[in-house]
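Biologist: Please take one loop in this model and look at it closely, then follow what surrounds it. I would like one connected account rather than a list.

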Amino acid sequence: MMEERTDVKSLFFQELDQQLREKGLKAFRSGQIFQWIHEKQADSFADMTNLPKDLRQRLMEGYDLVTLKQEDVRISKIDGTRKYLFGLKDGHVIESVWMKYRHGNSVCISSQVGCRMGCRFCASTLDGLERNLKPSEMLDQIYRIQKDTGERVSHVVVMGSGEPLDNYDNLVRFIRLVSDERGLMISQRNITVSTCGIVPGIQRLSEEGLSVTLALSLHAPNDQVRRKLMPVAGRYALKDILSACRGYFERTGRRLTFEYSLVKGVNDNLEEAKALADLIKDQQGHVNLIPVNPIKERSYVQSDNGAVERFRRCLEKSGINVTVRREMGRDINGACGQLRRSFRKRTSVTKRRIDEDESIWDD
Ligand code: SAH
């Protein structure tokens, strides 16, 4: 059987350098090759035209250069937002979104194929988790998009399908690679990682020496309401999650974002707004209100504008910073994960979801 080739796009410079030197290559080659992969975003070794032909051949034999295949893109006529569907080597598809803001271009990437967290309002989790994405597959979402748009990406949000802290090692490697000075060099301060609240993951991330922003998907002011929306709330109590968030701020100096999707009649009344203000008044961070994006598989309804406005004002009166998420690409929208669902013809084989399989938390 052929040995599996090394995923070269997931290697740090030092790792690649060491491997190439062991193979007898001259020192300057590592820099050239790393630059081809991460700065010029070459699609293949054949494109690395300043390398000798036999070296390109050797690289091809020893290494796998992971690139995603653009299966589809939808471009908003309203604001230019682009929603991409990318194919992976094993036939899975993932979604990424490109958004244009005054402060720069932002890409929302997926961190897993599917998700096992089971949040009730989210389309990405309906079929459970297929597999984790490799660092190379997270990077290439950005590389492809930058090539397709011809514009530099300055911000990254890990808020697409998947729970990033459920794919911890690959996430951290991705962050280091995308901010590497030999690569895209996206400032870590412009990277946001969104989590449903996996306490050990938040604690570990606080200790990595990174300066990324952490966004917590809160969605409720107490455990009782939160458990209705998010199965993961049965595993970690808000008290412990918020204490981990405080630790994150203390360690990194980075203020947090608390995401709160407003669902009509479930988490959007004034009592809940007051309770939310109480819950986070001692935290360093702001609240991002998101009127829930309804998915056809569930009956959740978006809070109306009046309710969103009342909720916002109540938080502001308590001295909390609030933004209401501007809806981007309304004409191409569909909630996260829906483009992928509409594309998939095959049904998933492995269905792992925490509400069906508690044992997955025991590892
Ligand atoms: N697993 C991570 C990141 C992916 S989801 C997390 O839970 O944070 C990114 C954000 O979108 C989360 O806050 C998630 O709760 C929210 N979200 C998912 N589906 C949504 C929907 N249909 N409407 C509004 N927000 C949604």
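**A loop and its surroundings**

Modeller: Met 185 is found in the loop between H5 and E10. The model is predicted, and what follows should be read with that in mind. The backbone at Met 185 stands out: phi is positive, about 60°, although the residue is not a glycine. The side chain is neither buried nor exposed; Met 185 counts as partly exposed because its relative accessibility is 48%.

The loop has a helix on one side and a strand on the other. Helix H5 covers residues 168-178, and strand E10 covers residues 191-195. I take the strand first, then the helix.

Thr 192 is a residue of strand E10. With a relative accessibility of 15%, Thr 192 counts as buried. Leaving out residues up to four places away in sequence, Thr 192 touches Val 156, Val 157, Val 158 and Met 159, and also Thr 213 and Ala 215. The last two of these lead to strand E11, which spans 213-217. Beyond E11, in the loop that leads to helix H7 (223-229), sits His 219. Its phi is near 65°, again a positive value in a residue other than glycine. The setting of His 219 can be stated as well: His 219 is buried, at a relative accessible area of 5%, whereas Met 185 is partly exposed at 48%.

On the helix side, H5 leads into the interior. The largest nonpolar core has 91 residues, and those with the most contacts inside it are Ile 142, Phe 174, Val 287 and Leu 315. Helix H5 supplies the largest share of this core, namely seven residues. The core is not confined to one domain: domain 1 (6-64) and domain 2 (69-344) both give residues to it, so it lies between them. A second core, of five residues, lies apart from the largest one and includes Val 97, Cys 108, Val 157 and Met 328. Val 157 has already appeared, as a contact of Thr 192 in strand E10. Cys 108, also in the second core, is buried at 11% relative accessible area.

Val 287 shows what the surroundings of one residue in the largest core look like. Setting aside residues up to four places away in sequence, Val 287 touches Phe 258, Tyr 260, Leu 276 and Ile 280, then Leu 315, Ile 320, Asn 321, Val 322 and Thr 323. Leu 315 in that list is itself among the residues with the most contacts inside the core.

The two domains also have a contact of their own to describe. Their C-alpha centres lie 33 Å apart, and the contact takes 15 residues from domain 1 and 17 residues from domain 2.

His 38 brings the account back towards the starting point. This residue is in helix H2 and counts as buried, since its relative accessibility is 0%. Apart from neighbours within four places in sequence, His 38 is in contact with Lys 9, Leu 11, Leu 139, Tyr 143, Leu 177, Arg 182, Gly 183 and Leu 184. By contrast, Thr 323, which touches Val 287, is separated from His 38 by 34 Å between C-alpha atoms, with the two positions 285 residues apart along the chain.

Arg 182, one of the contacts of His 38, has a further partner. Its charged end sits over the ring of Phe 13, 3.6 Å from the ring centre. The structure holds three aromatic pairs, and Phe 13 belongs to one of them: its ring centre is 5.6 Å from that of Phe 34 and the planes stand at 90°, so the pair is edge-to-face. Because Phe 13 lies in helix H1 (residues 13-22) and Phe 34 in helix H2 (residues 27-38), the pair ties together parts that are 21 residues apart in sequence. Phe 13 counts as buried at 11% relative accessibility, and Phe 34 counts as buried at 1%. Another aromatic pair, Tyr 84 with Phe 86, is stacked, with 5.4 Å between centres and 5° between planes. Both Tyr 84 and Phe 86 are buried.

One check remains, on covalent links. A search of the whole structure finds zero disulfides. For Cys 115 the reason is distance: the closest cysteine sulfur, in Cys 122, is 6.5 Å from its own, too far for a bond. Cys 115 is nonetheless buried, at 8% relative accessibility.

Key: Residues are numbered from 1 along each chain as its sequence is written. This is a predicted model: local features need pLDDT of at least 70, side-chain atom pairs count only at pLDDT 80 or more; totals for chains, interfaces and linings use all residues. Side-chain values use heavy atoms; hydrogens and water are left out. A nonpolar core is a set of buried Ala, Val, Leu, Ile, Met, Phe, Trp, Tyr and Cys residues joined through side-chain atoms within 4.5 Å. Buried means under 20% relative accessible area, exposed over 50%, partly exposed in between (1.4 Å probe, protein chains only). Helices (H or I, at least four residues) and strands (E, at least two) are DSSP runs, numbered from the N terminus. Domain bounds come from an automatic or database domain assignment. Contact means heavy atoms within 4.5 Å. A disulfide is a pair of cysteine sulfur atoms within 2.5 Å. Rings of Phe, Tyr and Trp (its six-membered ring) pair if their centres lie within 6.5 Å; planes under 30 degrees apart count as stacked, over 60 as edge-to-face and the rest as tilted. A charge sits over a ring if NZ of Lys or CZ of Arg is within 6 Å of the ring centre and within 35 degrees of the ring normal.
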